[in-house]
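Here is a short set of questions and answers on a structural model. Please look at the sequence and coordinates first.

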Amino acid sequence: MAAPAASPARKPVGTLYRGREGMWSWVAHRVTGFAIFFFLLVHVLDTSLVRISPEAYNDVIGTYKNPIMGLGEAGLVAAIVFHAFNGLRIILVDFWAKGPRYQRVMLWVVVGLFAVTMAGFLPRHLMHVFGGE
Amino acid sequence: MSLVADPKAPRPPRARPSRLTTRGNTELYGWVFMRASGVVLIVLIFGHLFVNLVAGEGVKAIDFGFVAGKWASPFWQVWDLLMLWLAMIHGTNGVRTIVNDYAEKDTTRLVLKGLLYLAFVVVVVLGTLVIFTFDPCPSGSPADLLPSFCTE
């Protein structure tokens, strides 16, 4: 009998999550959560400048209004929106009896809601950032 | 025959850990807190983003006068205080989980979590003090930088 282990091309398959939507949504949830946390630290520090002087706060918050930071804000909002909707999906997987069965469908619902929310947010935000008024 | 173990097959018994990694139900309460605070944070942060980035002039309108105008109302003070505390506990617990997962050496884990808890205390104490000791009309500042109610 030829040992089946001799075929090196076989990858581990057949687990519920590995390498599939379940795993990648978990990775994305980690990455977005980690990024949001570090923004939060910076954001509390920059807001604290209101306690120093109006000039100090306005100077630093002014940097948030340049186009590069404007794109960064769009990315931050995208991370928050994904983390929020996927968090609701996690809650449904944990507490809804049929949650685990529909976890993959629910990820595509998350992606759909994400697309709709960003379609509402992005034009308005980019208009504020790049608009000349 | 598949090369891969049947995912539904019972796992072989694991060796018992040589020491307990948690005591009591703390991790369970943390797990519940992540879900409960997550739902509240969706409301608080989506509201925050809408008022600050979407409504009116968006990010262009944010300056000292804008912040002072918001914090003149106890409603936004409580909103921001709740958001600060819940987001910091939620985020710190999330990063703690990530550190526990990837930092395998005891010293690395200890140092990273020490820094994390230090950042938590500094940011939460600073943010709370700023919300409650904030003066919307500091004397000696040019009136055009202040909210309109300072000159009334």
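Q: What pLDDT does chain B average?
A: The model is predicted, and its scores come with it. In chain B, 91% of the residues score at least 70. The average pLDDT of chain B is 88.

Q: What ipTM does the model score?
A: Two scores describe the predicted model as a whole. The pTM is 0.84. The ipTM is 0.84.

Q: Which residue is at the centre of the kink in H1(B)?
A: Helix H1 of chain B covers residues 26-54, 29 residues in total. Its first and last C-alpha atoms are 39 Å apart, close to the 42 Å expected at 1.5 Å a residue. Even so, H1(B) has a kink of about 25°. The kink is centred on Leu41(B).

Q: Which elements do the buried residues of H1(B) pack against?
A: The buried residues of this helix are Ser37(B), Leu41(B), Ile45(B) and Leu53(B). Their partners lie in both chains. They are helix H3 (74-102) of chain B, and helices H3 (67-95) and H4 (103-130) of chain A.

Q: Which residue just after H1(B) takes a positive phi?
A: H1(B) spans residues 26-54. Just after this helix, a phi of about 60° appears. The residue is Gly56(B).

Q: Which element gives the largest share of the side of chain B that touches chain A?
A: In the interface, 37 residues of chain B are in contact with 41 residues of chain A. On the chain B side, H1, H2 (64-71), H3 and H4 (106-133) give two or more residues each. The largest share is seven residues, and it comes from H1(B).

Q: How many nonpolar residues are on the side of chain B that touches chain A?
A: Sort that side by class. Four residues are charged and eight are polar. The nonpolar residues number 25.

Q: How many helices are there in chain A?
A: The elements of chain A run α-α-α-α from the N terminus. Strands number zero. The helices number four.

Q: Which element supplies the largest share of the largest nonpolar core?
A: This core has 15 residues, and Ile80(A), Val81(A), Leu84(B) and Ala87(B) have the most contacts inside it. H1 (21-47) and H3 of chain A, with H1 and H3 of chain B, each supply at least two of its residues. The largest share, five residues, comes from H3(A).

Q: Which residues does Val81(A) touch, not counting those up to four places away in sequence?
A: Val81(A) is one of the residues with the most contacts inside the largest nonpolar core. Beyond its sequence neighbours, Val81(A) touches Phe114(A), Thr117(A) and Met118(A).

Definitions and conventions: Residues are numbered from 1 along each chain as its sequence is written. Chains are lettered from A and ligands numbered from 1 in the order in which they are written. This is a predicted model: local features need pLDDT of at least 70, side-chain atom pairs count only at pLDDT 80 or more; totals for chains, interfaces and linings use all residues. pLDDT is the predictor's confidence in each residue, from 0 to 100. The expected span of a helix is 1.5 Å times one less than its number of residues. The bend at a residue is the angle between axes fitted to the seven residues ending there and the seven starting there. A residue is buried if 20 or more other C-beta atoms lie within 10 Å of its own, exposed if 12 or fewer, and partly exposed in between; C-beta atoms are placed from the backbone. Two residues are in contact if their C-beta atoms, placed from the backbone, lie within 7 Å. Ala, Val, Leu, Ile, Met, Phe, Trp, Tyr, Cys and Pro count as nonpolar, Asp, Glu, Lys and Arg as charged, and the others, Gly among them, as polar. A nonpolar core is a set of buried Ala, Val, Leu, Ile, Met, Phe, Trp, Tyr and Cys residues joined through C-beta atoms within 7 Å.
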